[in-house]
Amino acid sequence: MNEQVTNPKTREWQAMSREHHLAPFSDFKQLSENGPRIITKAEGVYLWDSEGKKILDAMAGLWCVAVGYGRKELADAAYRQMQELPYYNMFFQTATPPALELAKEISKLTPEGMNHVFFTGSGSEGNDTMLRMVRHYWALKGKPNKKVIISRINGYHGSTVAGASLGGMTYMHEQGDLPIPGIVHIPQPYWFGEGGDMSPDEFGIWAADQLEKKILEVGEENVAAFIAEPIQGAGGVIIPPETYWPRIREILAKYDILFIADEVICGFGRTGEWFGSDYFGNTPHMMTIAKGLTSGYIPMGGLVVRDDVVKVLNEGGDFNHGFTYSGHPVAAAVGLANLRILQEEKIVERVKAETAPYLQKRLRELSDHPLVGEVRGVGMLGAIELVQDKATRKRYPSDKAVGMICRGHCFNNGLIMRAVGDTMIISPPLVISHAEIDELVEKARKCLDLTAEEVLK
Ligand SMILES: *Cc1c(COP(=O)(O)O)cnc(C)c1O
């Protein structure tokens, strides 16, 4: 934080951070030198920091605050549930009403034939659950060798050992000797960054064909599943070329492997459909969920499982896996209240019909900016590619850290936009209004101008 600090409490909190806290995905030394920005309250799509500064949160926290900040209904649901039954587990042939009701409510929204939910505390745990359930499934089918999970380079599937292994972030693999055995990666469908001289459609086919190539290389008899985000989020809001998913579906139809959609970001309306799988017409066997499920008001994740898979698991005796907080009643009550708001206020329908088309149209106006090589987006997801040369998609040298410069200007000008390398990304709350979209785009343009001034000087 390079602005002046005037509130003495800010200094106190920053000292606590330095002296006592280890922050996720952070350079500890750098953070202790600069001190974190302290976020103290929020309402709608806005945050306030401890210096009283108002910030438009175009990332919905970490992709999760679907219904926006400050929804009292969610706080009330948690308060009521804590008084009634704050906790009980589901390990010993017991269950609690909110978890069961939430499982039913989720099933109504998921693609046809996906009617069971295994609850976890997070998206990462959802993917850990997936890995174990998939291998258990194949063992029950008499094919215990089918263990390998195919994933994608630069995919994000969480930060537990399984999550980070499934993910394709090399900087995560480098720390902790990952991936664990039995997980292999194929190239991502990132045309702007890696498409070379191919057209987007040609590149989409090429990227999808890497799945078939890998299945044949590993041997179908050893492959358990393919996991992918419908749209890669943390990787940089990467929307596959139009040819990609249809070709992947053709390949999946040829081989006896499970298809897992990681819907942690795309799920619960972010694309304007309930799930990214609906948006692309995919039919997964399992979907990992989290984030938008509770709008981030309380941690919760899960794994939605297709009926024919459940049928096999039902014959298999104990599944030796679960978490103390699987189906936590307070989290489930908040999830129920969140899904009620999304449905009663027709938020997903509104995203699809009104606000997403408007956001996408306004964002694309930034294409004429000298730093911008591409603007893309779907629903309430967007990416702005910063380049040195628009025609050839050539990047600035990485030591220029253009994305980080832009992110800094955004923070200082009251806008949270994240940088993935030199790709600026947004994922605002689903409830963002037309006027707030105008503000977002105007601030983004101003920060692009400030970045250009600094980079081009
Ligand atoms: C955030 C994310 C996860 C991990 O969820 P956590 O709740 O942070 O464990 C998994 N998959 C995707 C696609 C995500 O964006």
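## Strand pairing, a buried loop residue and two cysteines

Ile149 stands opposite Ala225 in strand 7. This pairing belongs to a predicted model. The protein holds 17 helices and 15 strands. The points below start with strand 7 and its partners, then turn to a loop residue, two cysteines and the overall build.

**Strand 7 and its partners**

- Strand 7 covers residues 223-228, and 6 of its 6 residues are buried, so the rest of the structure largely encloses this strand.
- Strand 5 pairs with strand 7 in the parallel sense, over 3 bridges.
- Strand 8 (residues 258-262) also runs parallel to strand 7, and 4 bridges join the two.
- Ala228 has Ala261, in strand 8, as its bridge partner.
- Helix 11 (residues 244-254) forms a right-handed β-α-β unit together with strand 7 and strand 8.
- In a regular strand, side chains alternate between the two faces of the sheet.

**Asn154, in the loop after strand 5**

- Asn154 lies in the loop between strand 5 (148-152) and helix 7 (161-166).
- Is Asn154 buried or exposed? Its relative accessibility is 15%, under the 20% cut-off, so Asn154 counts as buried.
- Leaving aside residues up to four places away in sequence, Asn154 touches Gly168, Met169, Gln188, Gln232, Gly235 and Ile238.

**Cysteines**

- How many disulfides does the count give? It comes to 0.
- Cys410 is in no disulfide; its nearest cysteine sulfur belongs to Cys447, 4.0 Å away.
- Cys447 is likewise in no disulfide, and its nearest cysteine sulfur is that of Cys410, at 4.0 Å.
- A pair of cysteine sulfur atoms must lie within 2.5 Å to count as a disulfide, so the 4.0 Å between Cys410 and Cys447 does not qualify.
- Cys410 is buried, with a relative accessible area of 0%.
- Cys447 is buried too, and its relative accessible area is 0%.

**Overall build**

- The protein has 457 residues and a radius of gyration of 22 Å, which agrees with the value near 23 Å for a compact globule.
- Its C-alpha trace spans about 65 × 60 × 45 Å along the principal axes.
- Of the 457 residues, 56% count as buried.
- Among contacts with a separation of 6 or more, 71% come from residues 24 or more positions apart.
- The accessible surface comes to about 20,000 Å², and 53% of this surface belongs to carbon and sulfur atoms.

Key
Residues numbered from 1 in each chain as written. Predicted model: local features only at pLDDT ≥ 70, side-chain atom pairs only at ≥ 80, totals over all residues. Heavy atoms only, no water. Helix = DSSP H or I, 4+ residues; strand = E, 2+ residues; numbered from the N terminus. Buried < 20%, exposed > 50% of the residue type's maximum accessible area, 1.4 Å probe, protein only. Contact = heavy atoms within 4.5 Å. Pairing = 2+ DSSP bridges. Right-handed = clockwise from strand over helix to strand, strands pointing away. Rg over C-alpha atoms; globule rule 2.2 N^0.38 Å. Areas by Shrake-Rupley, 256 points an atom, 1.4 Å probe, with all protein chains shown as cover.
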